[in-house]
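Biologist: I am new to this structure and would like the reasoning behind the words used for it. Please take me through a few of them.

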Amino acid sequence: MILSERYNYPTDFYERSKSTFETALSTAPAYGAWQALDPGAGAPICERYGAVPELTKQMIRDHFPFGLVPNHRDVEAALRSGEVEHTYTSGTTGERVINIWDQDWWDRAEAASWKLNAHTAGLSYPQKNAKLSSSLNFGISCEEDLPIEYRLWGDRLYLSEKINLIQWQPRHFERMAKELKSFQPVVLEANPSLLARLAYWAMDEGVEMYSPAIIMFTFEFTSKIHLAAIRKVFSSPLISSFGTTETGFVLEECEAGRMHQNIGFCRIDYHPLKDAYGGPELGRMLVTTFGNPWNTVIKFDTGDLIRLHPSGTCECGRNEGLIAEAVEGRVTNVTFTTSGGLVTTMALDDALAIVPGIRDYNFIQHGTASYELQLMLAPDLALDAVGGAGSASGGSGVGSGSGAGRTSGSGSQTADCALEALRALYGADGAFDIKIMKNIYPGPAGKFRRTQANFDYDVGGLFA
């Protein structure tokens, strides 16, 4: 649903919604079966959107390559001319999707999103930029170390050619620091988890880092733990940008810290969780894209949960479209309290962010009251935690069994504080296994999945 009673939408937004909907259902093959569900041109456009299901990744795969192409456009000719190309999303095997990529539309959507933050609104687009991400997300992939000339495309520098930070050695951190200083990008676009690792290295080695005009976070949930580390090393304004390969740039963080809809390029239908799980203020986004001549994306389920801003006004003065307090993580990454309440990745992150000494974490719920927290600590704390017990599996003195915690390593203050945070959030009757790890690595897509419940539950049953 569109929350018109709370947020403000210009007249042309509804006109764009109608035009996009009718073009998709009448000319894009994938939506043929939806025509029978459409209440018709005489019905309000929001009612028409509400009558059709969401677009899923599986549906995109089933109808590739022509299913989302509107107006019988010639994809093969466009591929030959270079007007479009094929691109893969960076998900795991079960989530990966091939899309038809229109770079011109993507650039226009990104340029429009820059207007939603005062720090980027005054810049011309594009700007000289450096990118720090897994090469599975973008850029050049190579097992060998590539000289800068092979990672530099015009005014765009790829700082890493590696698919996983497990490949990073001290020479790679040193190279990134030197190249940022010499290249001096205006914008640094980064996975926050990877930039945090560079920040930790700089803190530990006493290296002063070059601060660009803007640091833009993308590709993954931004942990407050990582934000704190990045702020210690970089003085740049930090902006979170949310989108997907399928939908382009959907939300942009303003200077007041809220996420604003890129209203000229997308529609967001909001689907709340049930009250018992955090609704109606917490829910998922179903995104429709505007103006893409090669992809008609209607009500695409991004898989992410947003928390609504309570009103249609923001201190920044931008008051058109949906405003979110935050993107709280993916639906597939929720966990549950011992009494069955839903916990988002952000809720756990907020709890752990106040625990001193944590540099990274991974949280797994094995059963309704069984949890495992893996922690990567600052070097001095990690040595104390592991050295105190003599092994990674030794007892901590914290205790074990139902309702208590067990820490692999010593009973350090950090682990004790983390245990209390988990008990407060998930329930004192939970069994918590806390492990001190030398390192924590991202998954096969090059991104971190920080929270997950390793048991079956009805995802659809979470929503109203």
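Biologist: Why does Asn99 count as buried?

Modeller: This is a predicted model, and the value is computed from it. The relative accessibility of Asn99 is 5%. Buried means under 20%, so Asn99 counts as buried. Asn99 lies in strand 2, residues 98-101. Beyond its neighbours within four places in sequence, Asn99 is in contact with Ile60, Phe64, Glu85, His86, Thr87, Thr89, Thr245 and Glu246.

Biologist: What makes Met176 buried?

Modeller: Its relative accessible area is 1%. The limit is under 20%, so Met176 is buried. Met176 has its place in helix 7. Not counting residues up to four places away in sequence, Met176 touches Leu132, Leu159, Trp168 and Leu198. Leu159 is 17 residues from Met176 along the chain, and their C-alpha atoms are separated by 5.9 Å.

Biologist: What does helix 7 touch in the sheet?

Modeller: First the sheet itself: it is open, has 12 strands in the order 4-5-3-6-7-8-9-10-14-13-12-11, and its pairing is mixed.

Biologist: Why is one side of strand 4 and of strand 11 left without a neighbour in the sheet?

Modeller: Strand 4 (152-153) and strand 11 (266-272) are at the edges and each has a single partner strand, so one side of each has no neighbour in the sheet. Helix 1 (residues 11-27) packs on the sheet and touches strand 10, strand 11 and strand 12, with its direction at about 90° to that of strand 11. As for your earlier question, helix 7 (residues 170-183) packs on the sheet and touches strand 3, strand 4, strand 5 and strand 6. The direction of helix 7 makes about 165° with that of strand 3.

Biologist: In which sense do strand 13 and strand 14 pair?

Modeller: Strand 13 (residues 300-308) and strand 14 (residues 323-330) pair in the antiparallel sense, over 5 bridges. Ile306 has Val327 in strand 14 as its bridge partner.

Biologist: At what angle do helix 8 and helix 9 pack?

Modeller: Helix 8 (residues 192-205) and helix 9 (residues 224-233) pack at about 50°, and their axes are 8 Å apart. An angle of 35 to 65 degrees falls outside the parallel and perpendicular ranges, so helix 8 is oblique to helix 9. Their crossing is left-handed.

Biologist: Which residues of helix 8 and helix 9 meet?

Modeller: Among them are Leu195, Ala199 and Met203 in helix 8, and Ile225, Ala229 and Val233 in helix 9. By class, this contact has 11 nonpolar, 2 polar and 1 charged residues.

How values were computed. Residues numbered from 1 in each chain as written. Predicted model: local features only at pLDDT ≥ 70, side-chain atom pairs only at ≥ 80, totals over all residues. Heavy atoms only, no water. Pairing = 2+ DSSP bridges. Helix = DSSP H or I, 4+ residues; strand = E, 2+ residues; numbered from the N terminus. Contact = heavy atoms within 4.5 Å. Axes fitted to C-alpha atoms, helices over the stretch in contact; angles between N-to-C directions. Parallel < 35°, antiparallel > 145°, perpendicular 65-115°, else oblique. Left-handed = near helix turned anticlockwise from the far one by under 90°. Nonpolar A, V, L, I, M, F, W, Y, C, P; charged D, E, K, R; others polar. Buried < 20%, exposed > 50% of the residue type's maximum accessible area, 1.4 Å probe, protein only.
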